[in-house]
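Hi everyone, thanks for making time this morning. Let me put the sequence and the structure up on the screen, and then I'll walk you through the sheet and a few charged pairs.

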Amino acid sequence: MNNKKPDVSSFKAKRKMMGYESFLIGYIVLIIFPSIIMTSGEMAWLNILLGVVLVALVLFAYFDKMYVTSVSWGLRAIYTSLEDERYYMNYQRTHFWKSVDIVLSYDIETFLKDKIKELAVMGKIGSKMRILLLDPESKYVPLVEKASGMKPGAYAYYVLQIQNFMLRVKQTSLEDTVVDISIKYYDSMPLDNLFRAHDTVFAYDSRTGTEGGFMSYSFENGLNGYNFYRTFFDEKWKDDTFCYEKEITGNMVENFRAFAENDSISYTV
């Protein structure tokens, strides 16, 4: 596993403000309580004023904590349905994706249905793609298939289709187009799905195996959430002890013919 220290220069979460919280406690004990006991009558307005200040301080503390996740981490939206997420991604298609990072495990089948054609177009016009997949021979593959409602052998089948599809993209591209598509594999606990394109990162787990739907988190470019996931992907991708290149063959797929005959995804380019 990777023992390198994280690149803390690329992202940092705002630490908890213990000094401020100590001040708030001291304010209540040393100012609010004595004023309530000592002031009354004409000086009652002082209690009201100090109470208003206390409420303001408490609200400040609350919104300060909200800032960490919603502002400094650039949490753009939380999607709980595929329709909402697709609506946003349709807007993103108007932009040129110069680079795309993808981690696929639980969501491999649904992702291919939604994005395989788009990835072909992006690849043909020179988008740099890095795709990180769970090794189809990993002992964790049955876990992914069970959690995603896939039949045994399905994950290896879709991994093979990604590999072959990307090879066809390179073969059918124009001669003057540099097609930069790389695929690596890892053999570890399955990572959450990750899709970074243009100025947004999507992070989520299983869509099909989660009862009652799923949650997909999107983070805005340049802020802590986006930088965290991009740094995470870069470190995993460059770590030779974690991931590696590998050729996937048909004999790695159990019941290959049955999957091919019932596959509703079109892989033509």
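**From the sheet edge to the salt bridges**

Let's start with a single pair of residues: Tyr-186 has Cys-243, in β8, as its bridge partner. Please keep in mind that this is a predicted model. The strands behind that pair are β4, residues 180–186, and β8; they run antiparallel and are joined by two bridges.

Now let's zoom out. How many strands form the open sheet, and in what order? There are eight, and the order reads β1-β7-β6-β5-β2-β3-β4-β8, with mixed pairing. At the edges sit β1 (75–79) and β8 (243–244), each of which pairs on one side only. As a reminder, strands of a sheet pair through backbone hydrogen bonds, either parallel or antiparallel.

Next, a helix. Helix α7, residues 224–238, lies across β2, β3, β4, β5, β6, β7 and β8. Relative to β3, which spans 128–134, helix α7 runs at about 70 degrees.

On to the charges, which I suspect this group will enjoy. The model has six salt bridges, and I'd like to show you three.

Here is one: Arg-130 and Asp-101 meet through their side chains at 2.9 Å, N to O. Arg-130 belongs to strand β3 and Asp-101 to strand β2, so this salt bridge ties together parts that are 29 residues apart in sequence. Are these two residues buried or exposed? Arg-130 is buried at 12% relative accessible area, and Asp-101 is buried too, at 2%.

Asp-101 also forms a salt bridge with Arg-196, at 3.0 Å, N to O. Because Arg-196 lies in strand β5 and Asp-101 in strand β2, this pair links parts that are 95 residues apart in sequence. Arg-196 and Asp-101 are both buried.

The last one takes us into the loops: Lys-246 and Glu-137 form a salt bridge at 2.6 Å, N to O. Lys-246 is in the loop between β8 and α8, and Glu-137 is in the loop between β3 and α5, so the pair ties together parts that are 109 residues apart in sequence. Here Lys-246 is partly exposed, with a relative accessible area of 25%, and Glu-137 is exposed, at 51%.

Which residues do shared salt-bridge partners join into one network? They are Asp-101, Arg-130, Arg-196 and Asp-234.

That's my tour, and I'm happy to rotate the view for anyone who'd like another look.

Technical notes: Residues are numbered from 1 along each chain as its sequence is written. This is a predicted model: local features need pLDDT of at least 70, side-chain atom pairs count only at pLDDT 80 or more; totals for chains, interfaces and linings use all residues. Side-chain values use heavy atoms; hydrogens and water are left out. Two strands pair if DSSP finds at least two bridges between them. Helices (H or I, at least four residues) and strands (E, at least two) are DSSP runs, numbered from the N terminus. Contact means heavy atoms within 4.5 Å. Axes are lines fitted to C-alpha atoms, for helices over the stretch in contact, and angles run from 0 to 180 degrees between N-to-C directions. A salt bridge is a side-chain nitrogen of Lys or Arg within 4 Å of a carboxyl oxygen of Asp or Glu. Buried means under 20% relative accessible area, exposed over 50%, partly exposed in between (1.4 Å probe, protein chains only).
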